[in-house]
Amino acid sequence: MTQAGVGLKIIGCGSATPTQILTNEQLSQIVDTSDEWITTRTGISQRRIADASQSLTSLAAKAAQAALSKAQISPEAIDLIILATSTTDDLFGSASKIQTLIGANRAVAFDLTAACSGFVFALNVAASFIRSGTYENILVIGADILSRWVDWSDRTSCILFGDGAGAVVCQATKQGDRFLACELYSDGCQNNCLNLSYQSESYPLVDSLEIGKGHFHPITMNGKEVYRFAIAKVPEVIEKVLFKANLKVEEIDWLLLHQANQRILDAVAEKLNIPPEKVISNLKKYGNTSAASIPLALDENIRLNKIKPGDVIVLAGFGAGLTWGAAIIQWGE
Ligand code: UT7
């Protein structure tokens with residue numbers, strides 16, 4: 001809470017996924033893999049894949065509209081839109097286009113990139129704006145279409161990713177802060193473990209002046225290093241947010257980690273002594289949807305009536321950057 005006593009509550013959640021399904025069986029026709037290998041090593045059975053008619057903007061706007069409708073708030077009431085994504089339709093940003101598509105005419109809109117940690121980072125930015133009294137209603141979207149950036153000949157990474165979008169509406173409240181704690185981290189030393197990078201080549205422009213002209217290369221990943229990083233850093237950051245919020249592990253109702261790999265979810269839960277029934281997992285159906293994975297799973301479990309008002313949820317994102325972070329929210333008003 002700030003001195004003014006303003007806190008944050010989440011008043012609505014929504015999500016959207018493409019209808020096309022890519023199964024492990026189908027993947028084994030593209031690369032040398034098998035349903036058995038993917039299932040046992042990752043827990044993923046299928047993922048959703050956007051077709052050419054879909055865009056990051058259209059998927060994100062659909063999730064945003066669902067969240068607005070659940071929140072029963074008009075788009076004109078939104079003050080700020082933060083789009084967490086690494087796969088924007090436009091390098092200048094896609095948030096403004098979403099603003100127009102959903103009719104949030106008053107809102108300021110910008111993109112935020114922190115890979116698979118993007119949603120947790122964006123939620124923290126929203127909390128800061130709300131607690132400072134700058135904005136009252138903020139739409140936070142996590143959306144990614146990684147299928148467009150995957151190297152479909154690399155069996156060590158292409159099996160992991162899927163497409164999706166999720167969104168929440170955050171609102172200022174003076175009746176108790178529902179954003180209990182948050183911690184964010186970055187470590188550029190391990191930046192080369194997971195990249196979707198621009199590679200430039202020398203291109204003569206005029207006289208002796210040259211520019212670096214090139215293009216983005218597909219995702220490269222050192223899976224083992226990312227795995228090790230996740231199971232070391234995620235439990236640590238969760239312990240930190242629990243300490244900050246003055247909560248014990250037993251007081252957590254749900255552990256909602258970025259949906260990267262079932263083995264990572266299990267290892268983190270085990271380290272923290274959190275029983276499997278409190279661990280939210282939907283990666284079997286969607287794979288790793290990057291910035292979308294947390295709000296997508298949140299929305300699904302709210303619609304299934306599993307997450308109930310008053311429940312304490314620990315969210316944790318981790319991924320490229322390397323970046324990682326955790327937040328504790330309490331569901332409901
Ligand atoms: O948002 C963050 C995004 N990234 C991640 O979350 C990645 C985290 N890392 C992981 O999830 C795991 O490291 C992977 C799923 C990527 C790989 O699992 P692993 O248990 O670490 O496998 P590995 O890399 O140690 O490979 C074991 C074997 C190797 O064969 P050899 O050298 O033992 O003969 C690989 O060549 O499995 C082979 N392999 C495959 N075999 C069949 C690697 N990928 C595949 C595949 N199908 N798709």
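**Aromatic contacts and a nonpolar patch**

Let's start with one contact. Lys213 sits over the face of Tyr203, and the distance to the ring centre is 4.6 Å. Keep in mind that this is a predicted model.

Stay with Tyr203. Which residues join Tyr203 in a nonpolar surface patch? They are Leu205, Val206, Leu209 and Ile211. The patch covers about 430 Å². Two strands each supply at least two of its residues: S10, residues 198-206, and S11, residues 209-216. S10 gives the largest share, with three residues.

Take one member of the patch, Leu209. This residue belongs to strand S11. Is Leu209 buried or exposed, or in between? Its relative accessibility is 45%, so Leu209 counts as partly exposed. The cut-offs matter here: buried means under 20%, exposed means over 50%.

Now the aromatic rings. How many aromatic pairs does the structure hold? Five. Among them is Tyr185 with Trp324. That pair is stacked. The centres are 5.4 Å apart, with 15 degrees between the planes. Look at where the two rings come from. Tyr185 is in strand S8, residues 179-186. Trp324 is in strand S15, residues 323-330. The two are 139 residues apart, so to speak of a link between distant parts of the chain is fair. Their exposure is worth a look. Tyr185 is partly exposed, at 25% relative accessible area. Trp324 is buried, at 7%.

Trp324 has another partner, Phe229. Why is this pair called edge-to-face? The ring centres lie 5.4 Å apart and the planes stand at 75 degrees, so the pair is edge-to-face. The cut-off for that class is over 60 degrees. Phe229 lies in helix H6, residues 223-244. This pair also links distant parts of the chain, with Phe229 and Trp324 95 residues apart. Is Phe229 buried or exposed? Phe229 is buried, with a relative accessible area of 5%.

One more group of rings. Trp149, Tyr198 and Phe216 form one aromatic cluster.

To recap. Lys213 lies over the face of Tyr203, and Tyr203 helps make the nonpolar patch. Trp324 stacks with Tyr185 and meets Phe229 edge-to-face.

Definitions and conventions: Residues are numbered from 1 along each chain as its sequence is written. This is a predicted model: local features need pLDDT of at least 70, side-chain atom pairs count only at pLDDT 80 or more; totals for chains, interfaces and linings use all residues. Side-chain values use heavy atoms; hydrogens and water are left out. Patches are made of residues with over 30% relative accessible area and no salt bridge: like charges are joined within 9 Å, nonpolar side chains (Val, Leu, Ile, Met, Phe, Trp, Tyr) within 5 Å. Accessible areas come from the Shrake-Rupley method with a 1.4 Å probe; for residues, only the protein chains shown count as cover. A salt bridge is a side-chain nitrogen of Lys or Arg within 4 Å of a carboxyl oxygen of Asp or Glu. Helices (H or I, at least four residues) and strands (E, at least two) are DSSP runs, numbered from the N terminus. Buried means under 20% relative accessible area, exposed over 50%, partly exposed in between (1.4 Å probe, protein chains only). Rings of Phe, Tyr and Trp (its six-membered ring) pair if their centres lie within 6.5 Å; planes under 30 degrees apart count as stacked, over 60 as edge-to-face and the rest as tilted. A charge sits over a ring if NZ of Lys or CZ of Arg is within 6 Å of the ring centre and within 35 degrees of the ring normal.
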